[in-house]
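Biologist: Before the terms used for this model are accepted, I should like to see each one justified. Could we go through them in turn?

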Amino acid sequence: MKKLSLLLVFFVLLVSCKYDKNEETILKGNVAITVDETVLPLLEAQADVFQNKYDATIKLIPKSEAETLNDLFNTKTGVAVLTRNLTEKEQNNFKQKKIIPKITIFAKDAIAFVRNKTASDTLIAISDVIDFIKGTKKTDIKGLVFDNPNSSTVSYIKSLAGVVALPEKGVYSFKSNEEVIKFVAENNGMIGVIGMNWISEPSQNMLPYLQNVSVLSVKGLNGKAFVSPTQNNIAEGTYPLARDLYIVNCQGYSGLGMGFASFIAGDVGQRIVLKSGLLPVRVPGRKFNVRNEIENVKE
């Protein structure tokens, strides 16, 4: 009987130790994060560094904005990256489920227009884009190419034009930003609408296609000059199509999602944003070593 009791105690301790080892914390465990596909390159860079530093596995699932939001609302994911904040109505939906999302803003991205390099014109006015979508005026735009009918770029442009839906004629959509870039690189006359992150931090397989496209400078509705989507112009607020990036955590506990969000918003994560060509919400400081003595170098 005594031996049986000792075996039982040993078994309980063994199970407890195993549970503690696999338990998710802010720096350990496994988490799946749904990511707006337009900013996937940045999140891949963040996840790579985070996983190398900690005993964690982060699975990034790229989806359109609509799909990402649906995953959050239907609790298919506890953490998501969006190119806009939740609306008041969306936050109220979570409150009704007794969920209070923890929202962290961590960078500024931009929507960029790209055109085949054979075209001589590298300028585009937002007023022409709106006229093309509404069909109110004739423009030089032959067609607009989007990554996905439910993407954040489509949502942004529709909101900008004040329309519920895009026209069927002259508007094309694929499944990813990569496909948009490839299509524009191989077809003259079309203008692609993509997330700037795919230009500022391209993958190796996209470099040949990017060499065949031009990134257009954009004139805002109230602007007088055409401005290119560079990190500096986003920082100065002169590029008209900039947007904030958010990580939304609905896990409801101190898990890996919270740790990853803190990492992205922290010094290392912000340096990764800066290196990616996007604008961090907090520009990391630079450290200098001050020496009291100057070394004499003999030639």
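**Terms and their grounds**

Modeller: Asp 71 has a relative accessibility of 7%, and buried means under 20%, so Asp 71 counts as buried. The model is a predicted one.

Biologist: What makes Asp 71 and Lys 63 a salt bridge?

Modeller: The closest N and O atoms of Lys 63 and Asp 71 are 2.8 Å apart, and the cut-off is 4 Å. The pair therefore meets the definition of a salt bridge.

Biologist: Why is Lys 63 called partly exposed?

Modeller: Its relative accessibility is 26%. Partly exposed covers values between the limits of 20% and 50%, so Lys 63 counts as partly exposed.

Biologist: Which other residues of helix H3 are buried along with Asp 71?

Modeller: Helix H3 covers residues 65–73, and its buried residues also include Glu 65, Thr 68, Leu 69, Leu 72 and Phe 73. The buried residues of H3 pack against strands S1 (29–36), S2 (56–63), S3 (79–82) and S11 (242–249), and against helices H4 (88–96) and H6 (152–161). Just after H3, Thr 75 takes a positive phi of about 55°.

Biologist: Strand S11 also holds Asp 244. What makes Asp 244 and Lys 108 a salt bridge?

Modeller: Their closest N and O atoms are 2.8 Å apart, and the limit is 4 Å, so the term applies. Lys 108 lies in strand S4 (residues 102–116) and Asp 244 in strand S11, so the pair ties together parts that are 136 residues apart in sequence. Lys 108 is partly exposed at a relative accessible area of 28%, and Asp 244 is partly exposed at 22%.

Biologist: How far apart in helix H12 are Arg 271 and Asp 267?

Modeller: Both lie in helix H12 (residues 267–276), four residues apart, which is about one turn of the helix. Arg 271 forms a salt bridge with Asp 267, with the closest N and O atoms 2.9 Å apart. Arg 271 is partly exposed, with a relative accessible area of 37%, and Asp 267 counts as partly exposed at 36%. Elsewhere, salt bridges that share partners join Glu 65, Arg 84 and Glu 90 into one network. The count of salt bridges comes to seven.

Biologist: How do you know that the length of helix H2 agrees with its number of residues?

Modeller: At 1.5 Å a residue, the 14 residues of H2 (residues 40–53) should span 20 Å, and the end C-alpha atoms are 20 Å apart, so the two values agree. Among the buried residues of H2 are Leu 40, Leu 43, Ala 47 and Phe 50.

Biologist: Where does the largest nonpolar core lie with respect to the domains?

Modeller: That core has 66 residues, and those with the most contacts inside it include Leu 43, Phe 106, Leu 144 and Phe 260. Domain 1 (29–108 + 244–280) and domain 2 (109–242) both give residues to the core, so the core lies between them. Setting aside residues up to four places away in sequence, Leu 144 touches residues including Val 129, Phe 132, Tyr 172 and Ile 191. A second, separate core of 10 residues includes Leu 69, Phe 73, Ile 99 and Cys 250.

Biologist: How many aromatic pairs are there, and why is the pair of Phe 50 and Phe 260 called edge-to-face?

Modeller: The count comes to five aromatic pairs. Phe 50 and Phe 260 have 5.3 Å centre to centre and 80° between the planes. Centres within 6.5 Å make a pair, and planes over 60 degrees apart count as edge-to-face, so both conditions are met. Phe 50 lies in helix H2 and Phe 260 in helix H11 (residues 256–265), so the pair ties together parts that are 210 residues apart in sequence. Phe 50 is buried, with a relative accessible area of 0%, and Phe 260 counts as buried at 0%.

Biologist: Why is the pair of Phe 174 and Phe 183 called tilted?

Modeller: The angle between their planes is 45°, with 5.0 Å centre to centre. Angles under 30 degrees count as stacked and over 60 as edge-to-face, so the pair falls among the rest, called tilted. Phe 174 counts as partly exposed at 26% relative accessibility, and Phe 183 counts as partly exposed at 22%.

Methods:
Residues numbered from 1 in each chain as written. Predicted model: local features only at pLDDT ≥ 70, side-chain atom pairs only at ≥ 80, totals over all residues. Heavy atoms only, no water. Buried < 20%, exposed > 50% of the residue type's maximum accessible area, 1.4 Å probe, protein only. Helix = DSSP H or I, 4+ residues; strand = E, 2+ residues; numbered from the N terminus. Contact = heavy atoms within 4.5 Å. Expected span 1.5 Å × (residues − 1). Salt bridge = Lys/Arg side-chain N within 4 Å of Asp/Glu carboxyl O. Core = buried A, V, L, I, M, F, W, Y, C linked by side-chain atoms within 4.5 Å. Domains from an automatic or database assignment. Phe/Tyr/Trp six-rings, centres within 6.5 Å; stacked < 30°, edge-to-face > 60°.
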